[in-house]
Structures are given as structure tokens and as C-alpha cells.
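Biologist: I'm new to this structure, so please pick one loop and give it a close look. After that, carry on to whatever else helps me find my way around.

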Amino acid sequence: MFVAGRKRKLAAEPRQTPGPRGAPLVPTREAEINRWYVLGRENFRERQYRNALDYYNRAVALAANESIRDAKLYVARAHTLYKLRELTRALSDAKEATRINAGLSAGYICLASILTDMGKPEEAFAAVKQGLGLADIHASEYKHLQLLCSSLSLRLDPTRQPIRESDTDPVTRLPADLVVLALRLLDTRMLSICRGVSTRWLHVIDNTPVLWSRPCYLVDSPAHKLARELPAYSKAQKRVQQRSHRAPSPPDTVICRVFEMSQRSLLIATFPDGATVSAKALEALLACPRPLLTHLALGRASLLKSESINRLLNWCLPAMVTDIRLPYCVQVGDDEIGVIAKLGHKLRALDISGCIRVGVKRLFLAWNSVLAGTTTGIEELVINDHPGVAEFLVYSSKHRHFAKLKVLHAAIRDQAVFSMIKNLGPLLAYFQRIQIMQVPFPDLYELNIDGVWETTISAHRFESTQLSNLMWSCRLFSCSLRRFSALDSSSVNHSHLQHILQHSLSSLQQLHLTRAANLDALALATRATDVGAMLEQLPLVSLDLSGCVGVTAQGLLALVARCRRLTHVNFSQTAAENSVLNRLTEIVSSSEAPGIEVLVLSATDVTGAAVRDFAAACSARYRRQRDDRHAKRMWRLQLLDVDNCTGVGSDAVALTRDLLSSMSTLVLAAL
């Protein structure tokens with residue numbers, strides 16, 4: 001096996017034996033054959049069948065050159081070929097093994113399994129009978145040979161009754177409640193496929209409305225999970241998405257079927273992204289009883305008219321709807337917000353991202369008229385890409401309508417939104433006149449302001465500069481803040497960072513602060529050390545400081561030294577070096593720490609030796625947990641990115657991939 005034009009050492013050198021006096025030490029052929037055999041067996045156990053076949057081929061070839069006939073080599077290669085479904089070659093090796101050693105039970109077991117899969121049960125039964133007569137009865141595989149003989153004799157018995165479909169159908173044999181519990185784990189697409197298995201399955205699925213009560217049109221792939229944990233890591237997302245299958249939007253008939261079969265059990269009324277909702281599907285939904293309805297969600301680009309959305313919202317009023325999501329529905333306006341406000345204290349989550357026709361002042365007036373000045377029950381509000389973000393922050397500082405908010409997303413991902421902000425000057429003058437006596441959202445634990453501190457826009461627009469300053473003046477960062485995201489924060493400075501760390505570093509579990517070129521590394525390290533001395537360990541779980549070129553390795557090391565709970569780390573395009581990676585290796589080696597699952601170190605100063613040590617620690621931890629029967633949670637490293645690291649060579653990358661192959665880790669290394 002060759003990598004980058006150089007031969008790679010696959011294992012340690014074999015043991016050497018002394019020759020005649022004055023002659024160099026040479027390895028024995030038996031030891032070298034045994035070394036290839038052991039490597040093949042280890043790869044076979046880890047299900048790396050192609051690598052195992054390579055090792056077995058070397059062992060067999062070397063044994064043939066030395067005129068060594070060992071049946072176990074042919075049996076091992078036959079098992080590997082059987083797993084790779086190369087039955088003809090596997091049959092040849094199994095027969096050769098039985099010719100070399102007629103008393104080897106494993107050879108007859110392998111031969112019978114191959115013949116059975118090739119559709120030759122009579123020959124397989126004859127081979128098993130021959131093995132029972134010649135094999136050692138004290139061998140560990142002899143009992144397996146007896147069981148195989150019994151199963152083959154039953155299969156060849158002409159008086160045996162054929163197995164009916166009802167005897168093996170889980171829907172028929174299992175209790176009805178277990179069948180329903182199993183089918184509820186499937187998404188809507190898989191549930192529609194299961195309807196075509198048999199008439200029995202069709203009857204059960206169509207007559208169980210609870211299976212259609214929570215329609216799910218999107219599969220939670222690794223790309224979606226990575227996007228939630230490290231949204232700034234766009235390059236890795238694209239590479240993972242190339243391997244995953246993106247399901248198209250479901251047809252209108254599927255949406256109609258979901259609404260018709262749910263009957264009175266419908267809990268979530270959802271329209272997937274990009275779905276063209278026809279009048280038939282809409283009428284099927286409006287005809288459904290709604291005593292249990294709790295969620296209404298319209299996907300992006302759902303083609304619904306304003307009148308249809310208004311009908312849907314009025315249809316939801318008698319139900320106990322607690323979650324309404326209308327992202328980027330430009331048809332939604334002030335009239336629809338007035339209908340939503342009638343839900344009163346029942347509503348818990350509202351998403352009006354990109355709904356530029358919704359006025360924030362109308363939002364407050366609608367809730368004030370319904371609740372008569374009391375606080376709403378909304379705990380999650382998403383107003384991404386909305387020109388009324390500044391207006392919402394100012395009004396929330398004065399009025400207490402949304403004081404119970406726990407999740408606030410006010411990101412500006414579309415920079416064209418800044419051109420839609422109007423009357424910001426009078427609004428800021430009003431904000432300076434009011435007296436802010438308390439925090440507007442005291443229970444806030446998740447805040448997302450991605451794109452608000454974008455330098456390329458702040459340098460040219462008055463609106464973006466004032467909105468950035470308004471974020472600090474509104475006292476959004478409380479002691480209860482756990483998740484904070486501010487991607488593309490080019491204009492953040494030392495004072496901004498101190499303001500965040502002073503109030504919330506002791507409670508933060510997620511900190512995403514990317515492209516902060518003006519970040520003071522010394523202040524970051526000093527503040528992390530001061531807070532860490534009080535808490536002993538910081539609760540950070542997800543840390544993303546990619547693109548923060550001002551953060552030094554000493555600052556990163558001081559921060560990581562206090563964070564033993566890290567699972568997702570992104571230090572790409574920073575000054576991270578071997579000392580930081582060695583500290584992360586210690587975290588992985590510790591059995592008390594949760595363990596790092598995603599590590600991104602692209603375009604950093606780490607070297608191949610440190611990367612190999614980290615991979616070895618991950619592999620050792622994975623083997624310990626795999627052998628531990630009492631392990632509650634199976635940990636594994638999902639992603640390791642060392643792209644464009646000049647100190648990581650091809651040999652180090654090849655060895656790292658070998659070490660992490662057992663846990664199926666995605667290693668990205670474009671040298």
C-alpha cells in the first residue's frame with residue numbers, strides 16, 4: 001500500500017532472530033506470516049474486510065513461497081471473501097482448507113455456509129456430515145457443526161411444512177401496542193413505504209391515526225446535526241451533505257393522505273419546505289378535527305396565499321396551539337399577527353423570520369389589546385432577517401409583553417435587511433429618553449445575533465452601526481445565558497467581550513464567536529482564568545472561535561484548560577498549535593469527560609505528531625468503551641478536520657485514518 005509516492009509502514013517490524021556470527025539479524029518467515037495473519041484478524045473484527053483481505057493475501061502468498069501449508073490462513077481468507085460476497089473464491093479457499101486439514105471444524109462450517117448461500121443445501125449437508133466424521137469432537141466449533149447439521153436436515157426434510165408469511169410477520173406476531181410504538185419511530189416518507197409491504201401492514205397503518213399525528217418530512221442526517229452544533233463550519237457541512245441523500249419535497253397526495261388519516265389525533269399541522277399546497281390539501285386539513293392540535297408550521301417557500309394563511313390561523317384558534325412557525329412567508333402581515341395574538345397566553349413559540357410585512361409596533365399593540373398589559377407566555381421568538389429587530393429591542397426595554405422569553409433569535413443573515421430599516425434615528429432618541437431599570441429578558445438562555453456585527457456593512461451603513469451598539473445597551477446578556485452565537489463578528493472588540501464574559505461566562509454552554517479579528521487574546525485568557533478559579537471548571541460544551549486571528553495560542557490554552565466538557569470545537573484559522581491539541585488529547589483520554597465528538601483545526605499550526613497522538617487517544621478510548629459492557633453511552637469521534645495544516649504530512653494523515661477507521665470517523669485532510 002502506497003501513499004503520496006512513499007511506502008507506508010503498516011505495523012511494527014517483526015521479531016528478528018540471530019543468524020550466524022557476523023551475519024545481520026533476519027526475521028523468521030513464520031513470525032512474518034503470523035504478523036500478517038494477526039493484522040488481518042484485527043481488521044476483520046473491526047469490519048474492515050478489504051484491508052483484512054489484503055493482509056490475508058500477503059500471508060497466503062508468503063506461506064506458498066516457503067512451502068508452508070496452513071489451513072487457518074485459507075479459512076480466514078474464505079470468511080473474508082464470504083463477507084465480501086465473493087462466493088466462488090471463498091468456496092475455493094474453503095475446499096483447500098479442508099484438503100490441508102481434514103479435521104478442522106471451522107473449514108467445514110465455512111464451506112457449508114458458502115454452499116448454502118449459493119443455493120446448494122444438499123452439498124452443504126454432505127460437507128457437514130463429512131466434517132462430523134473427521135473433525136475433533138473436543139474442538140470448540142464442533143457444537144456449531146452439530147447445530148448446522150440439524151438446521152440443514154430440517155431444511156431438506158420433504159415432510160416439513162413451509163413457513164407461512166404470518167409466522168414471520170412482526171405485525172402479526174407482536175402485540176398491537178408494540179407494533180404502534182415501533183412504527184411511530186418512522187418518518188412520514190418511510191411510513192408511506194411501509195404501506196406497500198403487505199395488505200396487513202396497509203390495514204394496520206391506515207387504521208392507526210396516531211401514526212400520522214406528528215408528520216415529519218425531513219430526515220435528521222449527520223449534516224443537519226453538524227449544522228446545529230457548528231453552523232459556521234460551512235465547508236464540512238457541504239462535504240457531509242454530498243454523502244447524504246436529500247429527500248425531495250413530498251407530493252401533494254402524500255400531504256392530503258397525512259391530513260385525512262390523522263383524523264382527531266393530529267398534533268402538528270406542517271407544510272414542508274418548497275411544497276406546493278393545493279386547494280385539496282388545504283381543504284383536507286381544514287376538515288380535520290383539532291382538539292389535540294399544538295403546532296402549526298409553514299415551510300419556506302410554501303406557496304400559500306394570504307387568505308389561505310388567514311383561514312389556517314382562524315382554524316387554529318379553538319385548539320390548544322402553542323407553536324406557530326411562519327418563516328419567510330412574505331404573505332404574512334399585520335392582519336395575521338392580530339389573529340395570532342388572540343391565542344393569548346397559550347402561545348409559547350413564534351417564528352416570523354423574514355416576514356417583512358409584519359410591523360413590530362403592530363405586534364406589541366395586538367398583544368396589548370388582548371392581554372390588557374399583562375405578560376405573554378411566549379418563551380421562544382425568532383425574528384431573523386426582520387427589519388424591525390431594533391424596534392423590538394427598544395419596545396421590549398420599555399414594555400413587559402415578552403418578559404418571559406427564553407430563546408431569542410435576531411440574526412441578520414441577509415445584509416439587504418439593513419436597507420429596509422426606517423426611522424432608526426427617532427427610535428434611538430426615544431431609547432435614550434426611557435429609563436432602563438431592569439433586564440428586558442431575565443430568563444433568556446439562548447441568544448443568536450449572527451451577522452449583526454459585520455464590519456463590511458458597519459463601515460458603510462448608519463443602521464448597522466447603531467444596531468450593533470443597541471445590542472449592548474439593551475442588557476441582553478444575563479447570568480442565565482447558556483447559548484450565545486454571533487457569527488461574522490468582525491466589529492466586536494475588547495469591551496464587547498468583557499461585557500459578555502462578565503455576566504454569562506459562568507453559565508455559557510455554547511459560545512460561537514467567529515471572525516472576531518479585534519478580539520483581545522490576553523483578556524480572553526485572563527477572564528477565563530478568573531472565572532475558572534471560582535468555578536473550577538467552565539460549563540462550555542460547544543466552542544467556535546474560527547477566524548479569530550487575534551487570539552493567541554496562550555489564550556486558547558488557558559480557555560481550554562478550564563473546559564473539560566467540550567464536545568464540539570472549531571479553532572480553524574486561529575493560532576492553535578500543539579499545546580492546545582495536547583490539552584484536547586488529555587480531555588479525550590479522561591474517562592470522566594464526555595469526550596470531543598467534532599474537532600476542526602484547519603489552517604492551524606498543529607503538526608502530524610500531535611494529530612497522531614490525538615487519534616491514538618481517541619482510538620484507545622473507543623476500544624475501552626466498546627469492551628465495557630456497563631457503558632451507558634457509546635462515544636465516538638465523528639469528524640476531524642486538519643485541512644491545510646502545513647505541519648501535517650501524508651504519513652501522519654494515513655496513520656490517523658487507520659487509527660480512527662474502527663469508529664468510522666470522517667477525516668478531512670486536503671494537503
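Modeller: Ser664 sits in the loop between α29 and β18, and β18 covers 666–668. (Helices are DSSP runs of H or I with at least four residues, strands are E runs of at least two, and both are numbered from the N terminus.) Keep in mind that this is a predicted model, where local features need pLDDT of at least 70, side-chain atom pairs count only at pLDDT 80 or more, and totals for chains, interfaces and linings use all residues. Residues are numbered from 1 along each chain as its sequence is written, and side-chain values use heavy atoms, with hydrogens and water left out.

Back to our loop. What is the phi of Ser664, which is not a glycine? For Ser664, phi is positive, at about 55°. Most residues other than glycine have a negative phi. Ser664 also counts as exposed, at 57% relative accessibility. (Exposed means over 50% relative accessible area, buried under 20%, and partly exposed in between, using a 1.4 Å probe and protein chains only.)

Now step back to the other end of α29. Asn644 lies in the loop between β17 (639–641) and α29 (650–660). Asn644 is not a glycine either, yet has a positive phi of about 55°. So you can look for a positive phi at Asn644 in the loop before α29, and for another at Ser664 in the loop after α29.

For a change from that exposed serine, try a leucine. Leu559 belongs to helix α26, residues 553–560, and is buried, with just 2% relative accessible area. Leu559 and Leu540 are 19 residues apart in sequence, with their C-alpha atoms 9.8 Å apart in space. Another leucine to try is Leu178, in helix α10 (residues 176–183). Leu178 is partly exposed, with a relative accessible area of 42%.

Next, let's follow the charges. The structure has 15 salt bridges. (A salt bridge is a side-chain nitrogen of Lys or Arg within 4 Å of a carboxyl oxygen of Asp or Glu.) One of them joins the side chains of Arg69 and Glu96, at 3.3 Å from N to O. Arg69 comes from the loop between α2 (49–65) and α3 (71–83), while Glu96 is in helix α4 (residues 87–100), so this pair ties together parts that are 27 residues apart in sequence. The two partners are covered to different degrees: Arg69 is exposed at 55%, whereas Glu96 is buried at 17%.

Arg325 is worth a stop too, as it has two partners to look at. With Asp323, the side chain of Arg325 makes a salt bridge of 3.1 Å, N to O. Asp323 is buried, at 9% relative accessible area, and Arg325 is partly exposed, at 23%. Arg325 also forms a salt bridge with Glu380, where the closest N and O atoms are 3.2 Å apart. Arg325 lies in strand β7 (residues 323–325) and Glu380 in strand β9 (residues 380–382), so here the link ties together parts that are 55 residues apart in sequence. Glu380 is partly exposed, with a relative accessible area of 22%. Elsewhere, Arg50, Glu86 and Arg89 are joined into one network by salt bridges that share partners.
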